[in-house]
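Open the model in your viewer and keep the sequence panel visible. The tour goes from aromatic rings to strands.

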Amino acid sequence: MYRAKAVGEVEGFKDKGGQVFNIKAYGATGGANDSQAILDAKTAAVAAGGGTIEFPSGVTNSTAQLNFNDSANIVLRGEGTGAYAAGASILRYTGGAVASFISARISKGFKIEGLSVQSLTTNP
């Protein structure tokens, strides 16, 4: 589950429409598998011609490979990095063995900012 905001704390990320796609607006809960919310936000960003896919603080689990091949101007952005840092955003792959969890070949402007990426799977 995502970290609850303290009383009076401003929500860090909200889907602002246009070029910002917050995975929570697409159904992410911080539970065991938020793959569909991530994929839906990715689909919307690609359809818009690019944009920022925002991840809230806490752990977001995914069993899906994320393929950004041939996608232009996509940014995966979290609230900060660090595996154990307070307020960090962590994207964690929990699926089976794969060659790559995130693929962005032939992509222009693809970036990852303020987001730690982890895998709990090892390749054979």
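A residue counts as buried when its relative accessible area is under 20%. Tyr93 has a relative accessible area of 3%, so Tyr93 is buried. Keep in mind while selecting that this is a predicted model.

Next, add Phe101 to the selection. Phe101 is also buried, at 9% relative accessible area. The ring centres of Tyr93 and Phe101 are 4.8 Å apart and the planes meet at 35 degrees, so this pair is tilted. The reason is that a tilted pair has planes neither under 30 degrees apart, which would be stacked, nor over 60, which would be edge-to-face.

How many aromatic pairs does a search of the whole structure find? The count is 2. For the other one, select Phe68 and Phe110: they form a tilted pair, 5.2 Å centre to centre with 35 degrees between the planes. This pair links distant parts of the chain, 42 residues apart. Phe68 sits in the loop between β4 (66–67) and β5 (74–77), and Phe110 in the loop between β7 (102–103) and β8 (111–113).

Stay on Phe68. Its relative accessibility is 0%, so Phe68 counts as buried. Now show Lys42, which lies over the face of Phe68 at 5.7 Å from the ring centre.

Then move to the strands and select β5. Strand β2 (residues 51–54) runs parallel to β5, and 4 bridges join the two. Label Thr52 to find its bridge partner in β5, Val75. β5 also runs parallel to β8, joined to it by 3 bridges. End at Leu76, which stands opposite Ile112 in β8.

Definitions and conventions. Residues are numbered from 1 along each chain as its sequence is written. This is a predicted model: local features need pLDDT of at least 70, side-chain atom pairs count only at pLDDT 80 or more; totals for chains, interfaces and linings use all residues. Side-chain values use heavy atoms; hydrogens and water are left out. Rings of Phe, Tyr and Trp (its six-membered ring) pair if their centres lie within 6.5 Å; planes under 30 degrees apart count as stacked, over 60 as edge-to-face and the rest as tilted. Buried means under 20% relative accessible area, exposed over 50%, partly exposed in between (1.4 Å probe, protein chains only). A charge sits over a ring if NZ of Lys or CZ of Arg is within 6 Å of the ring centre and within 35 degrees of the ring normal. Two strands pair if DSSP finds at least two bridges between them.
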